Structures are given as C-alpha cells and as structure tokens.
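Let's take a friendly walk through this fold together. Please have the sequence and the 3D view open as you read.

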Amino acid sequence: MSGPLFNTKDADFFYKSKVFSGILSKRAFVGPYFAVISGNHSCNYRCIFCEWFSPMAKEVKNEILSSHCYMNMDVYKGLVRELSALGTKIILFGNTEEPFMDNNLIEKIKYAKQRNLGCFIITNGSLIDEENAEKIVDLKLDYLNVSINAGTPETYPRIHTTETQKTFERIVSMVTLIEKIKEKRRTNFPRTRLSMVVCNRNYHDIVKFVVLCQEIGVKNALIKRLISTSKEMAEELELTPIQEEQTKKYLIAALKSSKKYGINLDIEWAEWISSKKTLVKNSIPCYHGWLFTVIDANGSVHPCCFQDRSPTCTIGNIKENEFSTLWCSKKYQDFRRKFKNIDERRKMGYLCNQPSCFSNNKQVYEILHKPYLLPITHGT
C-alpha cells in the first residue's frame with residue numbers, strides 16, 4: 001500500500017519508537033504495521049496482468065487453488081488476537097484473491113474492528129451489492145480500493161478479460177452508491193479510492209480515469225505501473241518507448257485535472273523513476289521485515305508480497321506455530337538482516353524496492369537519518 005505509513009493519525013509515537021529501535025538493532029520489538037491476510041485463494045476475474053490468474057500465465061500455481069487454501073474463522077480470530085497484542089495497526093484483505101468471495105469477509109472485518117485494528121480492502125468491485133455496501137459503511141471500514149484499471153467501459157474488458165462493458169457500469173454504480181450512503185450516514189468511511197495499473201492496453205485512459213473519479217465523487221485515486229515477475233507477461237504488456245512518452249503527457253494532464261477536481265492523486269512510480277536516475281533507489285534499504293507481513297489462506301507466512309511464494313521465501317505456517325513465534329524466528333530475522341543487501345534479496349526471489357515499497361522505505365530511511373522528522377510528544 002503506498003502512501004505515508006507513519007503519520008500521527010495512523011501510528012502512535014510508542015509504536016514508531018519500537019519499530020525504529022528494532023531496525024537499528026536488527027530485531028523486532030513490535031509487530032508488523034501492516035498485515036495482509038488472505039481468506040481464500042479464489043478470484044472471479046482473469047485480469048490480464050495478474051500473476052496468479054491471468055490467461056497469459058503459463059504456469060498455474062495449483063497450491064493456491066486447492067481446497068485447503070481457506071482460512072476459517074477460528075484460525076483467523078486467533079491470528080487477529082495475536083496481531084492486536086503485537087501492536088499491528090492495519091489488516092489488508094485482498095492480495096492474491098477477490099476478498100468478497102469470502103463469505104465471512106464482513107464478520108472478519110467486524111472482528112478486527114472490535115480489536116481496534118484498521119481494515120483495508122482491495123477489490124475488483126464486481127461482487128459489491130447494496131447489502132454489503134451498507135455493511136462496510138456501517139462497520140466504518142477504513143479504506144476501500146476498487147481496482148478498476150480503466151476510465152471507460154470500452155477499455156475495461158481489455159484488462160478484465162472475462163468481463164464486459166456492463167460490468168464496468170455496474171461497478172461504477174456501486175461505488176456511487178457507497179458514496180451516497182456515506183453522505184446519508186454523515187461519515188467519511190470507508191475512504192474510497194479507485195486504482196489503475198498502467199500497461200499498453202489502457203495507458204490512453206489515464207486522464208479519463210481521473211475524470212471518472214470526479215464524476216462518481218471519489219476523492220482518492222492511484223495510478224501505478226505494471227510490475228510483473230513474469231518475463232513473458234512484461235514483454236507483452238510493457239509500454240513501448242513511444243507509449244512511454246505519451247504516458248508522461250497523460251500523467252501531466254491527469255495531475256492538472258486532479259487539482260482542478262480536488263482529487264488526491266497518487267502516481268506511485270513517479271518518485272521511483274526519479275530515484276533510479278539519481279541511483280537513490282539502490283541506496284535505500286528495505287524495511288518491510290519490520291513493517292509488513294503476508295499470511296496466505298493456507299496459513300503460510302511471507303515477509304513480502306513481491307515474491308514468488310516459493311518454499312525458500314516462506315517463513316512458516318500459523319497452523320503449525322503461533323504467528324508471534326514466526327515473527328521473531330531465526331528465518332524472519334535472517335530476512336531482516338539482509339535489509340541493506342537488495343541484490344541478495346532479489347536472488348532469493350524477492351522484488352525489493354518496487355514502486356509500492358519504495359516510498360515507504362524512503363520515508364523510514366529519512367526519519368532514521370533525520371531524527372528531527374519524528375513527531376515530538378509532550379509530557380503533562
């Protein structure tokens with residue numbers, strides 16, 4: 001998740017101090033800020049750039065499609081209790097799957113909120129109906145990201161290969177409904193965001209995507225670049241040099257439109273591209289070993305979502321060991337100790353310092369090297 005990790009609204013000073021102390025001593029004194037929890041490994045879409053379900057994927061990862069890949073409520077509740085005790089702030093639903101395919105999603109949100117955990121959802125939006133639209137507003141879901149990946153009905157099926165223009169229109173109507181329910185309930189929650197992963201099939205929709213946000217009343221938007229672990233997929237979907245130049249113009253126009261409409265537009269890879277030119281990217285360590293964790297539906301724990309899910313990258317399984325044991329395990333510690341050696345991490349199957357990670361890593365790096373950026377708390 002891009003955006004500020006350590007603003008004063010999301011993390012208290014005590015938690016932040018524990019994180020930074022852990023980084024400096026290469027240990028973990030507090031739990032992950034962000035925990036990605038998969039309820040199941042199912043998706044009703046076949047998005048063209050998806051690592052797991054794309055029709056372009058040459059290899060089907062059978063382990064994620066098996067019947068045992070489901071996290072029941074008992075396992076989930078035990079995990080949430082542990083995370084809460086460790087100081088975790090946010091749970092994210094929607095990593096490799098469509099979260100609304102989990103029949104227990106609403107109950108899982110409710111339970112996490114009871115434990116004072118923030119809840120984020122990343123969804124394709126196709127399964128949102130009037131009933132669960134009202135429920136997520138009433139539960140005060142913190143953040144709802146709808147991955148629409150287009151600005152027009154015509155472009156939508158080019159990305160979401162099993163869908164039609166009507167699907168686009170239905171999703172837009174549901175997001176509009178959520179905004180109306182929020183207005184009626186006089187609440188800002190969930191904060192709604194539309195997102196767009198840019199590739200050569202949809203780059204021409206960038207400005208139209210921002211206009212769409214304005215038309216349906218969404219004030220947050222994310223434009224990110226396609227990052228693929230598949231060489232074949234990258235070669236098929238990457239922008240050509242000419243398209244790159246056109247995309248730059250579209251992004252400038254999109255920024256102007258977002259300012260005009262009062263939309264908070266995050267262009268995730270802009271700073272990352274700038275850092276590549278100045279070689280800053282290679283000098284920024286990866287701090288996600290202290291801030292982030294992924295728990296798959298089958299119970300497997302991974303330190304990062306930008307990886308191939310191979311056994312060498314798996315820390316352990318919460319069905320065999322408690323999460324807190326795995327979080328402080330030698331294997332997790334070994335991952336943390338390599339936080340400065342990005343090249344070694346990549347040899348292990350990780351894609352460290354991608355645009356989604358870079359901005360947060362840079363923020364932590366600057367705080368560690370410029371401590372005056374830390375907020376000051378005043379005693380009574």
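Keep in mind that this is a predicted model. A good place to begin is inside the protein, with the second largest cavity, whose lining is made up of five nonpolar, three polar and four charged residues. You can find this cavity by selecting I37, S38, G39, N40, Y76, F93, E97, E98, P99, D102, L105 and K108, which line it. The space inside comes to about 60 Å³. Across the whole structure, a search finds two cavities of 30 Å³ or more.

Now turn to the sheet. Strands of a sheet pair through backbone hydrogen bonds, and they can do so in a parallel or an antiparallel way. Here, ten strands make an open sheet with mixed pairing, and their order is β7-β6-β5-β4-β3-β2-β1-β8-β9-β10. Because β7 (264-267) and β10 (316-317) stand at the edges with a single partner strand each, one side of each has no neighbour in the sheet. Helix α9 (residues 241-261) packs on the sheet, where it touches β6 and β7, and its direction makes about 160° with that of β7.

How do β5 and β6 run relative to each other, parallel or antiparallel? Strand β5 (residues 191-198) and strand β6 (residues 220-225) run parallel, joined by six bridges. To see the pairing at one position, look at M196, which stands opposite I223 in β6.

Just as useful are two spots in the loops. Most peptide bonds are trans, and most residues other than glycine have a negative phi. The peptide bond from F189 to P190, however, is cis, with omega near 0°. You will meet P190 in the loop between α6 (165-185) and β5. The other spot is N116, a residue other than glycine whose phi is positive, near 60°. N116 sits in the loop between α3 (105-114) and β3 (118-123).

Finally, consider charge pairs. Side chains of opposite charge can pair when their charged atoms come close. The structure holds ten salt bridges, and one of them links the side chains of K135 and E131 at 3.1 Å, N to O. Both K135 and E131 belong to helix α4 (residues 130-138), where they are four residues apart, about one turn of the helix.

Key:
Residues are numbered from 1 along each chain as its sequence is written. This is a predicted model: local features need pLDDT of at least 70, side-chain atom pairs count only at pLDDT 80 or more; totals for chains, interfaces and linings use all residues. Side-chain values use heavy atoms; hydrogens and water are left out. On a 1 Å grid over the protein atoms alone, a cavity is a set of points where a 1.4 Å probe fits but cannot get out, and a pocket is an open set with protein on both sides within 12 Å along at least five of seven lines; lining residues have an atom within 4 Å of a point. Grid points are joined across faces, edges and corners, and a volume is the space filled by probe spheres set on the points. Ala, Val, Leu, Ile, Met, Phe, Trp, Tyr, Cys and Pro count as nonpolar, Asp, Glu, Lys and Arg as charged, and the others, Gly among them, as polar. Two strands pair if DSSP finds at least two bridges between them. Helices (H or I, at least four residues) and strands (E, at least two) are DSSP runs, numbered from the N terminus. Contact means heavy atoms within 4.5 Å. Axes are lines fitted to C-alpha atoms, for helices over the stretch in contact, and angles run from 0 to 180 degrees between N-to-C directions. A salt bridge is a side-chain nitrogen of Lys or Arg within 4 Å of a carboxyl oxygen of Asp or Glu.
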